[in-house]
There are 2 protein chains.
Amino acid sequence: MPPSPPTLSPAGSTTAPTDVRMTPARKEIYDVLTESKDHPTATDVFIRAQSRVPGISLATVYNTLETLTHSGHIKQVNLERGPSRFCANKHDHVHFHCDACGAITDADVQEEVDPRSHWKLPRGAKINRLDVTLRGLCPTCAKAH
Amino acid sequence: MPPSPPTLSPAGSTTAPTDVRMTPARKEIYDVLTESKDHPTATDVFIRAQSRVPGISLATVYNTLETLTHSGHIKQVNLERGPSRFCANKHDHVHFHCDACGAITDADVQEEVDPRSHWKLPRGAKINRLDVTLRGLCPTCAKAH
DNA sequence: ATTTGAATTAGAATGATTCTAAGGCTCAAT
DNA sequence: ATTGAGCCTTAGAATCATTCTAATTCAAAT
């Protein structure tokens, strides 16, 4: 009996990711993301992946980011217009965006927010998810006025 | 004493908008937005403005949307990748995005959310704004399964 | 070894937005 | 009324992220 193709199914995910064939390119791209806390763009990932997978193409990075996003292994983050950013943080978290330096950092959830108690939702609407972006100044920029 | 140039400074805004010279093109574009509840894209606004300002250019629509956004008269909304959407709703509100039909509707705030009590913020960070996107199914799509 | 379908690739195509350069228009001072 | 300065508008080019296309490579099951 041949071994089944290697798949990726990280623990700790909230919505169970579906399996994805784990090719060398995909594994390295996924690893780049798990080792990055700065929410890199596709091009950022491409640059970081090049030393690990010589000859990798930007198309593969785009394809892989899409695959991993659809399978639920990573998240696509779009706070501003401009290139999408990607994130492998599986904890339930929100994003903090510094208006001064543009950095995006994660903030873990301490206590859930109940949508119905805070906002007037259209009658009959079904809420599946709550995305929160906090904006302001990061500690570094806040100190520098 | 000559009259000061006409400016726009709608009431009810949370962060006082700065004045903007109100040209015919800008007024019509602003009016298109105040009469739209569907968060139109720049192209949508362009199409709707054409009957009011014959010969208007898409460049003017882009320029005006940028001007009005910077002056605080309208808001730019970027929920997904893809064209930005615009919104003249001055009430404190969040956005509800239907995963099925893509519609974006506003939901008024009933009770403020205190960021510090819900999320672990980086020590020293200054929060200025809280952007919330609710995702799920709108009443129509929820009914249609 | 052969087949089948998925993965990868370079490059073209797309689409939203921004930029550029050239006129137009307004307004305040003449 | 005329003029000068500066903003407003415009067409079209340029940019940039992303998606598409078509060809090639690869991997797993036969």
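**Strand pairing and contacts in a predicted two-chain model with DNA**

Visitor: In which sense do strand β3 (residues 93-98) of chain A and strand β5 (residues 126-137) of chain A pair, and over how many bridges?
Guide: Strands here are DSSP runs (E, at least two residues) and helices likewise (H or I, at least four), numbered from the N terminus. Two strands pair if DSSP finds at least two bridges between them. In β5(A), Arg135(A) is the bridge partner of His97(A). β3(A) and β5(A) pair in the parallel sense, over 4 bridges.

Visitor: What should be known about the numbering and the model?
Guide: Residues are numbered from 1 along each chain as its sequence is written, while chains are lettered from A and ligands numbered from 1 in the order in which they are written. The model is predicted: local features need pLDDT of at least 70, side-chain atom pairs count only at pLDDT 80 or more, and totals for chains, interfaces and linings use all residues.

Visitor: How many bridges join β5(A) and β5(B)?
Guide: Asp131(A) stands opposite Thr133(B) of β5(B). The two strands pair in the antiparallel sense, and the number of bridges is 11.

Visitor: Which strands stand at the edges of the open sheet?
Guide: The sheet has 6 strands with mixed pairing, in the order β4(A)-β3(A)-β5(A)-β5(B)-β3(B)-β4(B). Each edge strand has a single partner, so one side of it is left without a neighbour in the sheet. These strands are β4 (104-108) of chain A and β4 (104-108) of chain B.

Visitor: Which element gives the largest share of the side of chain A that touches chain B?
Guide: Contact means that C-beta atoms, placed from the backbone, lie within 7 Å. By that rule 40 residues of chain A are in contact with 40 residues of chain B. Elements giving two or more residues to this side of chain A are β3, β4, α4 (115-118), β5 and α5 (139-143). The largest share, 12 residues, comes from β5(A).

Visitor: What relation links chain A to chain B?
Guide: Copies are superposed by least squares on the C-alpha atoms of residues with pLDDT of at least 70 in both. A turn of 180° and a shift of 0.0 Å along the axis lay chain A on chain B with an RMSD of 0.1 Å. That is the relation of a two-fold axis.

Visitor: Which element gives the most to the surface near DNA strand D?
Guide: A residue is near the strand if its C-beta atom, placed from the backbone, lies within 6 Å of it. Of the 21 residues around DNA strand D, those that come nearest include Ser84(A) and Thr23(B). With 4 residues, the element that gives the most is α3(B).

Conventions:
Two residues are in contact if their C-beta atoms, placed from the backbone, lie within 7 Å.
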